[in-house]
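The following paragraphs lead the reader through a helix contact and then through the enclosed spaces of the structure.

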There are 2 protein chains.
Amino acid sequence: LLDALQALGFSPVVAHLNHQLRPEAEEEAEKVRKFAEGYGLPHVEGREDVQGFSRREGLSIEEAGRNLRYRFLFEQAELRNASGVLVAHTADDQVETVLMHLLRGAGLSGLKGMQFRTLPNAWSGEIPLIRPLLGVWRTEVLAYCLERGLEPVFDVSNLDSTYYRNRLRHELIPYLEQFNPGVKESFWRMAKVLQGDYEVIERQVEAAWEAILVQAAPGSVALSPEALLKEPVGIQRHLIRRAIARLRPGLRDIGFEAIEKVLDFLNTARSPAQADLVAGLRLVLEKDPDDRAGEGKDRLWIAAWEAELPAGDWPQVRETGLSLPVPGRLKLPGGWELEARDVPPSEDLQERARENPDPYQAWVSLDSSPGPFEVRARQPGDRFQPLGFSDRSLKISDFMINQKLPRRARRHWPLVAEGDQILWVPGYQIGHPYRLTPGTRRAVSLSLKRTGRDGDLD
Amino acid sequence: LLDALQALGFSPVVAHLNHQLRPEAEEEAEKVRKFAEGYGLPHVEGREDVQGFSRREGLSIEEAGRNLRYRFLFEQAELRNASGVLVAHTADDQVETVLMHLLRGAGLSGLKGMQFRTLPNAWSGEIPLIRPLLGVWRTEVLAYCLERGLEPVFDVSNLDSTYYRNRLRHELIPYLEQFNPGVKESFWRMAKVLQGDYEVIERQVEAAWEAILVQAAPGSVALSPEALLKEPVGIQRHLIRRAIARLRPGLRDIGFEAIEKVLDFLNTARSPAQADLVAGLRLVLEKDPDDRAGEGKDRLWIAAWEAELPAGDWPQVRETGLSLPVPGRLKLPGGWELEARDVPPSEDLQERARENPDPYQAWVSLDSSPGPFEVRARQPGDRFQPLGFSDRSLKISDFMINQKLPRRARRHWPLVAEGDQILWVPGYQIGHPYRLTPGTRRAVSLSLKRTGRDGDLD
């Protein structure tokens, strides 16, 4: 690669990471330096304790080497304002990569193998990873070296069949060639064709992602299950994979089981529900706080077990002593606003109140309520007498549990109260004593609206 | 399968095709009959000379057996108004199918394997092909038989490793299991996931197909290269595959090379051009007869070598003695209509004639042309003096060749003539003597329009 680049008139920076894995490592690093000097090219060398990193991170040696190597290369590329990181993967490497994914049971994203050019990649959003030799077979590279009088450094670890990739190269591929002598070419072409398919699907996933991502916070993402279920199942799988990858970027292969588990949960769970996923993640299904029309919309959270789901999207009140003027307005955090308006009482209004689908809109009778009214969170000892409960009340905490109000939103849920009497639990129910009746003289409309967002929405 | 269907309360018709390949075939057919009788189920038996069919059609024994078997099953299903053809492929069969495609180098359509339900399928657009046992492993089927006291008929040819599929089953899969003991499950899941991806892509291909298919005739389809090139390359490949499959429905695996050849032709050929494809097909790139705006639009034909490309889309004249009234109109086959109108001569008109992009619109000066005018095909000896050729003429056939008029459209191409003088070759050029000049007293507009279509458009 270096010689060809040079011959084509490019002047690359030569970067070499010494993995310190083999006794010959020092000598090889030295050879690379000499080689670069021979061409008069700038050269940079790094060294890492791959063995130690592998142990600390619980990665295989190959995985650890790969991570450190690319981190080094992209750091150097950024420092030197390089237009790309070029690596010398050959067509044989491509075939081995595809085979490795195949045996592990990958989907399209694995089967498509490596690409000639990848941007964005796992290490940069601006510097492409480029593989100019991806269409050139290893034998062709060797023939080129021979012709140009180049002596490649021979990595003896490549002969060691204990490494998985080497077993593929030296045992599995020759075995498969008995079934089809052109099997390498077949796999290479398959990858190329699947790259085109993958691109088509990625485009659609990208567009759908915007529609299904409702909220994102540290350690959690919320999706719209309704929007997700509208997509074809193929796209659903890729969207779920993407959500998991966002929370666990290190997870290289997101398994079939994990994705099927989410699909299954999505199709069968009823909110509120919670289940374990993989890699320290959980699934949470809960009511959508924005479900103004009472359509029963939900939110699906994929979250780390230790992450606290954000409550910022729900109406919350954290201050005390907030008085609600009637008529008048009161602003709450997160862009929510409560409004009280006098409205003429009528039979029509009673009808409207009965049929009203919006849980954040209510009408109450204030005939025997002089006020003052306040908006506050629940207090110990609070009881509530929901509409229809003519002769008994229940603890507000029990009411919230019965209504499946998400646990984390309960403590600061706004209540409209007159002393210790609760007029309205926005999103749920008015108090029975405050209902409109044919004799109501003073009717008031209460509504809680989200006028802006200043929360943690992505 | 039969026992389970029976236990579940279904009453299937038992259909068996005797392939007459093995000495035991008669005996086995007899066993199936007895088995069906034991359940009191209707039974039908067919017999085919698979060996002979294989020879005649140049198919492998397995391929020939498969074709005849499904043809028989679907014929029976149609006769009996069945709601599906059920076959007993297992999860192991699925894995073998995927492996077979893999080794051959298939794309998504092969790697996705078989489906639980396929409709439309190669044999029917109404009766689904159903594989209820596709998620059940062979060992599970055997355990079921054991438990229910069923004695499966054992096909000894399954042990014969000369058959490709059997080599996969008995050699390759056990070998792969050394690399990953769960390799069968991996492949089964891969197929399931890829089915979802395939569906997503098929939807997009279906939608794009409508936009790119311009014309279809026996043995040929015409595509819009412009519309095709607008699609992502993944979709382009599937569209090309579909076009080839339409002409060669028997071709089970449409190879990578064939598709890349079409892509290459599409990206590099300039009309008119022709090239060999595969399986007796050719590629033809030519002008789009509907390119009214002179934008240089083309048509890409994929056609059998022996098929005559339809000329029905081009303006053609097959009658003799058609006179063109000036002013007046004349209808031609295929929905084309020629119109001659007097227009006031002016400088503006000269300017318009110079700038006119529409090759099917022309203006001529008839100052020294008393007529009569006729519309006719070329005749032996016809010469033409195109605009700009002030002192010489050329053979009309040479003019047509120079202009790259598709060969098959030349013979009946309409010419507007006054005796042996050619006024206008619609789509190309007016005759030099008929050009507008500042002194023109009688200017006539000639236009050829397609007002309807009655051709062979799909």
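In this predicted model, a contact within chain B offers a starting point: from H5(B), the residues Asp93(B), Val95(B), Glu96(B), Thr97(B), Leu99(B), Met100(B) and Leu103(B) meet Tyr164(B), Arg165(B), Leu168(B), Arg169(B), Leu172(B), Ile173(B) and Leu176(B) of H8(B). The residues of this contact comprise nine nonpolar, one polar and four charged.

Two packed helices are described by the angle between their axes and the distance between the axes. For helix H5 (residues 91-104) and helix H8 (residues 164-179) of chain B, the angle is about 95° and the axes lie 10 Å apart. H5(B) is therefore roughly perpendicular to H8(B), since angles of 65 to 115 degrees count as such.

The whole structure contains two cavities of 30 Å³ or more. The largest encloses about 70 Å³. Its lining includes Leu99(B), Leu103(B), Leu172(B) and Leu176(B) from chain B, and Leu99(A), Leu102(A) and Phe187(A) from chain A. Two or more lining residues come from each of helix H5 (91-104) of chain A, H5 of chain B and H8 of chain B. The lining of the largest cavity consists of eleven nonpolar residues, with no polar and no charged ones.

The second largest cavity holds about 50 Å³ of space. Around it stand Gly107(A), Leu108(A), Ser109(A), Arg237(A), His238(A) and Arg241(A), together with Val193(B) and Asp197(B). H11(A) provides the largest share of this lining, three residues, while helix H6 (108-111) of chain A and helix H9 (183-212) of chain B each supply at least two. By class, the lining of the second largest cavity has two nonpolar, three polar and three charged residues.

Conventions:
Residues numbered from 1 in each chain as written. Chains lettered and ligands numbered in written order. Predicted model: local features only at pLDDT ≥ 70, side-chain atom pairs only at ≥ 80, totals over all residues. Heavy atoms only, no water. Axes fitted to C-alpha atoms, helices over the stretch in contact; angles between N-to-C directions. Helix = DSSP H or I, 4+ residues; strand = E, 2+ residues; numbered from the N terminus. Parallel < 35°, antiparallel > 145°, perpendicular 65-115°, else oblique. Contact = heavy atoms within 4.5 Å. Nonpolar A, V, L, I, M, F, W, Y, C, P; charged D, E, K, R; others polar. 1 Å grid on protein atoms, 1.4 Å probe; cavity = no way out; pocket = protein on both sides within 12 Å on 5 of 7 lines; lining within 4 Å. Points joined across faces, edges and corners; volume = space filled by probe spheres on them.
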